[in-house]
Amino acid sequence: MFDDAPTGYTEAVHVLNSIPQDLFVELANDVLDFLSYKVGAISLQAFHTRLQHSGSSLSLDEVTSASRALSYVFREAIAGGATAEALVTALRSAGASVWTSQAIKVVGLLWGERGADAVAIGKAQNVLKIGQLVKFEWRLGLAVSSSSVKSINRVYVAVALTVADAASRTAVHAFEMSYPEFQSFAKHLRDMAGALDMCA
């Protein structure tokens with residue numbers, strides 16, 4: 001299951017193993033909340049502060065790498081539709097030099113409680129073919145003239161969205177907006193941001 005682990009994975013797992021169990025559970029739940037679209041981001045700075053108050057000397061970079069390792073583990077489990085038993089077996093196969101038995105137990109228990117929901121959300125995303133925004137590029141332009149009109153003097157915003165589909169294929173969608181269209185678009189984005197702020 002973890003054949004293509006990213007660079008630094010083993011070191012990040014060693015960091016996870018050093019985190020006190022209650023905070024490990026908290027971080028794992030935060031990662032699962034993020035992967036289940038319950039939160040938009042994981043507050044690693046706040047987690048790092050709580051970790052320091054517990055007496056840990058881990059850096060913010062180490063905490064970030066630990067959360068990425070957990071995210072990788074849970075993403076692989078979601079993609080494979082793994083049961084708690086299958087996930088525990090896969091983690092144990094990495095050897096005791098990587099995952100401690102306590103860390104494996106925590107991950108297995110959490111996955112047993114929340115894994116089915118995370119897998120269902122992952123399957124729904126694939127079934128609904130929900131795309132994921134990979135890149136958002138924009139530029140401001142001024143149309144001065146054309147071959148048929150001597151003086152246009154029109155401001156526009158050109159946008160290129162790179163979107164990955166459920167099969168990880170990317171497509172670029174480009175469009176232009178006049179200044180009034182952009183103002184309307186920006187208003188909708190502000191409304192969405194306000195709604196998200198109320199939910200967070």
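1. Contacts of Ser178. In this predicted model, Ser178 touches Arg154 and Val155, once its neighbours within four places in sequence are set aside. Ser178 belongs to strand E3, which covers residues 170-178. Its relative accessible area is 17%. The cut-off for buried is under 20%, so Ser178 counts as buried.

2. Nonpolar surface patch. Val155, one of the two contacts of Ser178, is also a member of a nonpolar patch on the surface. The other members are Leu133, Phe136, Trp138, Leu140, Leu142, Val144 and Tyr179. Together the patch residues have about 850 Å² of accessible area. Which strand gives the most to the patch? Strand E1, residues 132-143, does, with five residues.

3. Val144. This patch member lies in the loop between E1 and strand E2 (154-164). Is Val144 buried, partly exposed or exposed? Its relative accessibility is 47%. Partly exposed runs between the 20% and 50% cut-offs, so Val144 is partly exposed.

4. Length of helix H4. The helix takes in residues 60-80, 21 residues in total. At 1.5 Å a residue, H4 should span 30 Å. The C-alpha atoms at its ends are 30 Å apart, so the expected span and the model agree.

5. Buried side of the H4 account. The buried residues of H4 include Val63, Ala66, Ala69, Leu70, Val73, Phe74, Ala77 and Ile78. Thr64, Ser67, Ser71 and Tyr72 are also on the buried list.

6. After H4. Gly81 follows the helix. The phi of Gly81 is positive, near 60 degrees.

How values were computed:
Residues numbered from 1 in each chain as written. Predicted model: local features only at pLDDT ≥ 70, side-chain atom pairs only at ≥ 80, totals over all residues. Heavy atoms only, no water. Helix = DSSP H or I, 4+ residues; strand = E, 2+ residues; numbered from the N terminus. Expected span 1.5 Å × (residues − 1). Buried < 20%, exposed > 50% of the residue type's maximum accessible area, 1.4 Å probe, protein only. Patch = residues over 30% accessible without salt bridge, like charges linked within 9 Å, V, L, I, M, F, W, Y side chains within 5 Å. Areas by Shrake-Rupley, 256 points an atom, 1.4 Å probe, with all protein chains shown as cover. Salt bridge = Lys/Arg side-chain N within 4 Å of Asp/Glu carboxyl O. Contact = heavy atoms within 4.5 Å.
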